[in-house]
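Colleague: Please take one part of this model and go through it closely, strand by strand, with whatever packs against it. Add the neighbouring parts where they help.

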Amino acid sequence: MEPLSNMEIVHLNSTVTLLRAKARLGSTTASLNGRSMSLYGGTPMSRPKMKQREQHHTTATTQTGGSANFSSSSWPNSSHDSILVSFLSFCFNFWDSLFLWTSFCVSLIVQKEGVGYCTKVPRNVNMAKLQNGYLFPEISLREFQHLEKYPNAKLISLGIGDTTEPLPENIALSMANYAHGLSTAEGYSGYGAEQGNKALRKAIAETLYKHVPVKDTEIFVSDGAQCDITRVMLLLGSNLTVAAQDPSFPAYVDSSVIIGQAGDFGDEVGTYYNIEYMKCGPENNFFPDLTSTSKTDIIFFCSPNNPTGHAATRNQLEHLVEFARDNGSIIIFDSAYAAYITDDSPRSIFEIPGAREVAIEISSFSKFAGFTGVRLGWTVVPEELLFSNGFPVINDFNRIMCTCFNGASNIAQVGGLASLSPEGFQAVRSLVDYYKENAKILINTFNSLGVKVYGGTNAPYAWAHFPGRKSWDVFAEILEKTHITTVPGSGFGPGGEEYLRISAFGHRESILEASKRLKNLFTKAE
């Protein structure tokens with residue numbers, strides 16, 4: 001076997017991450033620039049044991065004096081490269097120390113080849129506490145692997161909640177015209193206000209909060225809800241406790257881990273010790289039992305919920321606000337799917353009396369206006385919301401936006417403004433109705449198969465239950481036999497085990513074809 005080239009060594013660094021994912025995904029082979037390295041085993045990888053990993057790391061660094069530092073004369077020559085590959089494969093088979101071993105081996109190779117340098121800056125300990133990769137890139141990786149295996153398959157993606165229908169013409173033209181105007185002296189503009197375009201903030205207040213006490217000066221326009229989640233966590237700091245719905249959007253927990261609020265991960269329970277997981281399932285009408293919920297500083301709450309599709313009732317949100325007021329907590333309310341609500345469920349937490357004193361609301365243009373790629377969202381911070389010392393939260397959030405953000409794209413904001421015009425708003429409502437009809441088709445499909453399914457009425461997601469089965473196993477079976485991707489419920493938290501989230505974002509013909517394939521699969525299974 002010829003020696004590894006410097007370019008291959010560079011590739012190996014990124015390959016380590018793929019190897020880690022492939023081991024978890026059940027793949028038995030990974031490639032390095034055309035070379036095949038086999039991994040033993042093929043079952044999903046268990047979560048790393050953090051404390052054990054740290055102990056291993058301490059031992060390794062002690063033995064090597066802080067980092068591997070072998071002279072070139074002590075390293076095996078090129079004839080031993082195959083032994084190195086076998087050694088890597090052997091290491092990968094030990095799941096709990098997977099990341100440590102791969103990183104260690106790469107370190108040895110890089111130093112041997114002379115293409116790497118390690119600083120003396122330690123890694124952020126909170127990043128090391130994150131479990132596995134982020135859910136949705138992992139789904140994309142599985143799609144990629146499946147298409148490698150079946151290159152002629154017509155894959156239908158009902159996994160990642162990405163909109164598929166074209167933007168309404170008047171909205172797209174507004175952005176195109178503005179962008180073209182930047183090529184002229186009259187139309188050019190530079191930085192905008194960090195808080196957002198005044199006209200857009202006013203339009204959001206008057207159109208989306210028409211009957212809700214929200215001022216335009218309390219609205220901060222951003223590049224999307226997910227970014228705002230992290231900015232709010234940065235605002236609030238690391239010395240706080242957190243509660244989140246279980247299951248829920250992964251960014252709530254992951255951002256809490258990164259900022260330092262989550263504590264260590266407990267392998268035996270599958271959760272972080274410092275996070276209060278509020279179980280939300282059909283047995284409690286998808287709303288937590290607040291009488292048994294511990295007091296926390298921050299409460300993440302999403303309605304309609306991603307992934308279950310449940311929209312909290314007015315009575316439920318009244319109890320949530322009362323709970324927060326009694327405990328002095330701040331609710332971070334995610335209303336990204338409010339446009340999909342069809343019944344009388346509240347579209348904003350600020351419809352509830354007293355919420356302005358205990359809540360921040362985060363929302364987005366992504367799912368109701370099709371701006372997943374355009375990137376535009378907003379956060380509402382009421383003037384009445386105060387820290388324990390009486391200081392207004394809005395003042396500090398304004399500082400966060402001015403310091404850590406330079407304002408949303410002027411082009412995107414023009415598109416947002418157009419989507420809230422009478423003509424534009426009617427057009428985006430038609431988009432929402434299109435996806436809701438897709439959801440109805442999916443719900444009817446699962447009901448016809450006798451599969452218990454939730455959601456779909458007030459959200460673009462179906463939440464299907466497969467009792468007694470691991471969600472990743474159901475995901476894998478459907479992908480293998482129907483060429484359809486979904487999302488395993490366990491990716492949204494331990495409360496999502498046995499469930500799949502199926503997205504209604506897709507072209508109608510794809511939804512109908514997916515319905516046909518699912519019926520064929522589960523009918524044969526009977």
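Modeller: Helices here are DSSP runs of H or I with at least four residues, strands are runs of E with at least two, and both are numbered from the N terminus. In those terms, Phe-286 sits in the loop between β8 and β9. The model is predicted, and its chain contains 16 helices and 17 strands.

The part to look at is an open sheet of 7 strands, ordered β4-β12-β11-β10-β9-β5-β8, in which the pairing is mixed. Its edges are formed by β4 (219-222) and β8 (275-279), each of which pairs on one side only. From one strand to the next, the twist averages 20 degrees. In general, the strands of a sheet pair through backbone hydrogen bonds, in a parallel or an antiparallel way.

Start at the β4 edge. This strand runs antiparallel to β12 (residues 377-380), and 4 bridges join the two. Within that pairing, Phe-220 has Thr-379 of β12 as its bridge partner. Although β4 is an edge strand, both of its faces are covered. Ile-219 and Val-221 point to one side, Phe-220 and Ser-222 to the other, and all four are buried.

At the other edge, the chain leaves β8 through the loop to β9 that holds Phe-286. Phi of Phe-286 is near 55 degrees, which is positive although the residue is not glycine. Most residues other than glycine have a negative phi, and most peptide bonds are trans. Phe-286 has a relative accessibility of 9%, so Phe-286 counts as buried, the cut-off being under 20%.

Two cis peptide bonds belong to loops that follow strands of this sheet. One runs from Asp-246 to Pro-247, with omega near 10 degrees, and Pro-247 is in the loop between β5 and α9. The other joins Ser-303 to Pro-304, with omega about -5 degrees; Pro-304 is in the loop between β9 and α10 (314-327).

Next, the helix on the sheet. Helix α9 (residues 250-259) packs there and touches β5 (242-246), β8, β9 (298-302) and β10 (330-334), and its direction is at about 155 degrees to that of β9. Helix α9 also packs with α8 (residues 225-236), at an angle of about 40 degrees and with the axes 10 Å apart. The crossing of these two helices is right-handed. From α8 the contact takes in Gln-226, Ile-229, Thr-230, Met-233 and Leu-234, and from α9 Ala-251, Tyr-252, Ser-255, Ser-256 and Ile-259. Of the residues in this contact, 6 are nonpolar, 4 are polar and none is charged.

Tyr-252, one of the α9 residues that meet α8, also takes part in ring pairing. The structure holds 22 aromatic pairs. In one of them, the rings of Tyr-252 and Phe-300 have centres 4.8 Å apart and planes at 15 degrees; the pair is therefore stacked, as planes under 30 degrees apart count as such. Because Tyr-252 belongs to helix α9 and Phe-300 to strand β9, this pair ties together parts 48 residues apart in sequence. Both rings are in buried residues: Tyr-252 has a relative accessible area of 1% and Phe-300 has 0% relative accessibility.

The same pair is part of a cluster in which ring pairs link Phe-136, Phe-249, Tyr-252, Phe-300, Trp-463, Phe-492 and Tyr-499.

Trp-463 leads to a second sheet. In β14, Trp-463 is the bridge partner of Tyr-454. Strand β14 (residues 461-465) runs antiparallel to β13, with 3 bridges between them. They belong to an open sheet of 4 strands in the order β13-β14-β17-β16, with antiparallel pairing. Its edge strands, β13 (453-455) and β16 (487-488), have a single partner strand each, so one side of each lacks a neighbour in the sheet. Helix α15 (residues 471-482) lies across β16 and β17, at about 45 degrees to β17.

As for the chain as a whole, 51% of its 526 residues count as buried. Among contacts between residues at least 6 apart in sequence, 74% join residues at least 24 apart.

Notes. Residues are numbered from 1 along each chain as its sequence is written. This is a predicted model: local features need pLDDT of at least 70, side-chain atom pairs count only at pLDDT 80 or more; totals for chains, interfaces and linings use all residues. Side-chain values use heavy atoms; hydrogens and water are left out. Two strands pair if DSSP finds at least two bridges between them. Axes are lines fitted to C-alpha atoms, for helices over the stretch in contact, and angles run from 0 to 180 degrees between N-to-C directions. Contact means heavy atoms within 4.5 Å. A crossing is left-handed if the near helix is turned anticlockwise from the far one by less than a right angle, and right-handed if clockwise. Ala, Val, Leu, Ile, Met, Phe, Trp, Tyr, Cys and Pro count as nonpolar, Asp, Glu, Lys and Arg as charged, and the others, Gly among them, as polar. Buried means under 20% relative accessible area, exposed over 50%, partly exposed in between (1.4 Å probe, protein chains only). Rings of Phe, Tyr and Trp (its six-membered ring) pair if their centres lie within 6.5 Å; planes under 30 degrees apart count as stacked, over 60 as edge-to-face and the rest as tilted.
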